[in-house]
Amino acid sequence: MKFIDLRSDTVTEPTPAMREAMAKAEVGDDVYGEDPTVNRLQELAAEMMGKEAALFVPSGTMGNLASILAHCQRGDEVIVGDKAHTFLYEAGGISALGGIHSCQLPNQPDGTIALEHLQAAIRPKDIHQPPTRLIALENTHNRCGGVVLSPAYCHKVSEFARERGILTHLDGARIFNAAIALGISAKELADPFDSVTFCLSKALCAPVGSLICGSRDFIERVRRVRKQLGGGMRQVGVLAAAGIVALETMIDRLAEDHARAKRLAQKLEGAPGLKIESGSPATNMIFAQLESGSPITTKKVCDALKERGVLVGAIEPHRFRIVVHYWIDDAAVEITAQAFWEVLKTLKTDHGA
Ligand code: TLP
């Protein structure tokens, strides 16, 4: 059975154009810096983010990890949101591998961290305390609903950080979704930050890879960290070739995913016991909730949806994440909405509600 898979945009498979580019890619040994396709991808990425240089890494997780390790020494502190991917879903890599202390500040529902919280968290010069070295933000913010951080807010945070000699990093795994939603370039969103990572293997459909972008000096340090982590790859132009297709052809069409996500949310509106979160979807992710305390859980709904060929994310007992991407067409939107209504009606009847 071929599923309609809305668990994540990470499930996207490469397009035929990507597979063709991969088959034809010119390659070399990238640890020697001699893979022409990787070099081309890195130049393109740096240019699109308005940074001096870029480095290809196998995943978004390694992109954030290597960036934070290159910015911080052991015992330094990085400020992250308490709903940040780096904090929740990266297996504690920065502490386990880098001895880096994290300070988690509350993410507001709009994905920001309040400036007054940042202000209160900056460490004084005191040998008892880990020095605040870095502030990391996320755009779009996944766990906060795929919401978009504005360039104005990001500039405020980066000015605040710069005045205090603190560096800034952006987890821009889905920076192009944010840019398309705002109708501005990714460069404008990357501009406030010392470093940015973004992913090729989410909504852009490439099979593997992320780029870290920043100053030439920073990228040289990151290259060394990538080697330490075992992420130095050899004839990796076969993967970079798909990344080039992603950057050249897959960005503008993200608007279609956002429009389909809106349409699907509208169709789900009013389904028994289901509430679409306010403001959702901001980009390609719909977040929806069942009444808390209800015996109908997301797990039960997901199991029943699966039998109808639809997969969605049960990210909490009563909270769904439904992610629209390239492989979700209009027919898939219809089928998903219909399956949701049927399953929720049936479960409601079964539970005598
Ligand atoms: N996120 C995945 C899961 O890990 C939750 C998903 O399905 O959304 N930053 C952000 C904001 C992300 O959402 C992700 C992946 C990453 C980094 C890590 O990327 P990968 O999976 O390439 O290591």
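A: Before any contact is read in this predicted model, a polar contact should be understood as a pair of N or O atoms within 3.5 Å.

Q: Which side chain, with an N or O atom 2.8 Å from an oxygen atom of the ligand, can be read in this way?
A: That side chain belongs to H85, one of whose N or O atoms is 2.8 Å from a ligand oxygen. A polar side-chain atom of T61 lies 2.6 Å from an oxygen atom of the ligand, and for a polar side-chain atom of R321 the corresponding distance is 2.9 Å. Of the 520 Å² that the ligand exposes when taken alone, the protein buries 81%.

Q: How many residues surround the ligand, and how do they divide by class?
A: The ligand is surrounded by 15 residues, the closest being S8, T61, H85, D171 and R174. The shell comprises 8 polar, 6 charged and 1 nonpolar residues, and helix α3, spanning residues 60-71, gives the most to it, with 3 residues.

Q: Where is the ligand placed with respect to the pockets?
A: Rolling a probe the size of a water molecule over the atoms shows where empty space is left. In this structure, the space taken by the ligand is the largest pocket, in which about 340 Å³ of space lies. Its lining has 26 residues, of which T10, H85, N142, R174 and K202 are the closest to the centre of the pocket.

Q: What does the lining of the largest pocket consist of, by class and by element?
A: The lining divides into 13 polar, 7 charged and 6 nonpolar residues. Both α3 and β7 (195-199) supply at least two residues each, and α3 gives the most, with 3 residues.

Key. Residues numbered from 1 in each chain as written. Predicted model: local features only at pLDDT ≥ 70, side-chain atom pairs only at ≥ 80, totals over all residues. Heavy atoms only, no water. Near = heavy atom within 4 Å. Polar contact = N/O pair within 3.5 Å; in protein donor to acceptor, adjacent residues only side chain to side chain. Areas by Shrake-Rupley, 256 points an atom, 1.4 Å probe, with all protein chains shown as cover. 1 Å grid on protein atoms, 1.4 Å probe; cavity = no way out; pocket = protein on both sides within 12 Å on 5 of 7 lines; lining within 4 Å. Sits in = over half its atoms within 2 Å of the grid points. Helix = DSSP H or I, 4+ residues; strand = E, 2+ residues; numbered from the N terminus. Nonpolar A, V, L, I, M, F, W, Y, C, P; charged D, E, K, R; others polar. Points joined across faces, edges and corners; volume = space filled by probe spheres on them.
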